[in-house]
Each structure stands twice: as structure tokens, then as C-alpha cells.
Amino acid sequence: MKVQFTKNEIEIMQTCLDQWGIPAQVGQAVEECAELIVALQKFVNRTSKPDTVERVLDEIADVEMMLAQMRLVLGIDDDALRKRIECKFDRLQKYLLRDDV
């Protein structure tokens, strides 16, 4: 389920960072996350509308692209991210196994 970007796509993302700057791209990442939040809320409230899944898909794509740019900015590699995800899943699994949940 991993999103893999091509070398060309990574170069385009780096060009965005170089051209518009880190503060602008961080702001764009925040905006894209907010748009995903709105799309997800509309999906929950209006599941019968045919365009809601497409809208969520578009916003997920935008967020994935911006997350990749943030990883470039912060120098976060696959291994570091994988380790952090494993820690999060370990914590989630422990939470799910608790009796008082």
C-alpha cells in the first residue's frame, strides 16, 4: 500500500520547494490536509453522493504529494519513517488489547 514516487516526480517536488520555498510549501501541506478533512467529513455526511469518493481520492493524492515534500524538507528517509510507524502500530495494538477500551 506504499505510494512510490518516480525520480521525475521527486525532481518536480524539489523544484516546487526550490521555487516557492519551504514556508510556502509547509503552508500548502497544511491547506491540503484541511481539504482532506473537509472531503472526509462530506463523505461521512453524504455517502450517497457519487463524487464524494473521488473527492477524497483527489485530496489523499494531494496530501501524499505534500507529505513527500515535507519528508524532503526534513530529510526523513524510508527507514526512519518505517521505524516510527512500527512504534505507532505497537502502541495501537496494545491499546486495542486493553480491557477498558
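Glu86 is partly exposed, with a relative accessible area of 41%, where partly exposed covers the range between buried (under 20% relative accessible area) and exposed (over 50%), using a 1.4 Å probe and protein chains only. Its partner is Arg82: the two form a salt bridge whose closest N and O atoms are 3.4 Å apart. By salt bridge I mean a side-chain nitrogen of Lys or Arg within 4 Å of a carboxyl oxygen of Asp or Glu. Arg82 is itself partly exposed, at 42% relative accessible area. The two sit 4 residues apart in helix α4, so about one helical turn separates them. Helices here are DSSP runs of H or I with at least four residues, strands are runs of E with at least two, and both are numbered from the N terminus.

A word on what you're looking at. This is a predicted model, so local features need pLDDT of at least 70 and side-chain atom pairs count only at pLDDT 80 or more, while totals for chains, interfaces and linings use all residues. Residues are numbered from 1 along each chain as its sequence is written, and side-chain values use heavy atoms, with hydrogens and water left out.

Back to the charges. Side chains of opposite charge can pair when their charged atoms come close. A search of the whole structure turns up 3 salt bridges. Another one links Arg55 and Glu59, with 3.3 Å between the closest N and O atoms. These two are also 4 residues apart, this time in helix α3, so again about one helical turn lies between them. Their surroundings are another matter: Arg55 is partly exposed at 43% relative accessibility, whereas Glu59 is buried, with a relative accessible area of 3%. Then there is Asp78 with Arg71, where the closest N and O atoms are 2.5 Å apart. Asp78 counts as partly exposed at 40% relative accessibility, and Arg71 is partly exposed too, at 25%.

Now follow helix α3 itself. It runs over residues 51-74, which makes 24 residues, and reaches 35 Å from its first C-alpha to its last. That is close to the 34 Å expected at 1.5 Å a residue, the expected span being 1.5 Å times one less than the number of residues. Right after the helix comes Gly75, with a positive phi near 70°. The buried residues of α3 are Thr52, Val56, Glu59, Val63, Met66, Ala68, Gln69 and Met70. They pack against α1 (7-20) and α2 (22-45).

For a view of that packing from the other side, take Ala29 in helix α2. Which residues does Ala29 touch, leaving aside its neighbours within four places in sequence? The answer is Met66 and Met70, where contact means heavy atoms within 4.5 Å. Ala29 and Met66 are 37 residues apart in sequence, yet their C-alpha atoms are 5.2 Å apart in space. Ala29 is buried, with a relative accessible area of 10%.

Over on α4 (residues 78-97) you'll find Tyr95, which is partly exposed at 42% relative accessibility. Tyr95 joins Phe89, Leu92 and Leu96 in a nonpolar surface patch of about 430 Å². Patches are built from residues with over 30% relative accessible area and no salt bridge; nonpolar side chains (Val, Leu, Ile, Met, Phe, Trp, Tyr) are joined within 5 Å, like charges within 9 Å. The areas come from the Shrake-Rupley method with a 1.4 Å probe, and for residues only the protein chains shown count as cover.

Finally, zoom out. The chain has 4 helices and 0 strands, giving the pattern α-α-α-α along the sequence. Its radius of gyration is 17 Å, well over the 13 Å that the globule rule gives for 101 residues, so the chain is more spread out than a compact globule. That radius is taken over C-alpha atoms, and the rule is 2.2 Å times the number of residues to the power 0.38. Along the principal axes, the C-alpha atoms fill a box of roughly 50 × 40 × 25 Å. Of the 101 residues, 17% count as buried. Among contacts with a separation of 6 or more, 63% come from residues 24 or more positions apart. The accessible surface comes to about 8200 Å², and 59% of that belongs to carbon and sulfur atoms.
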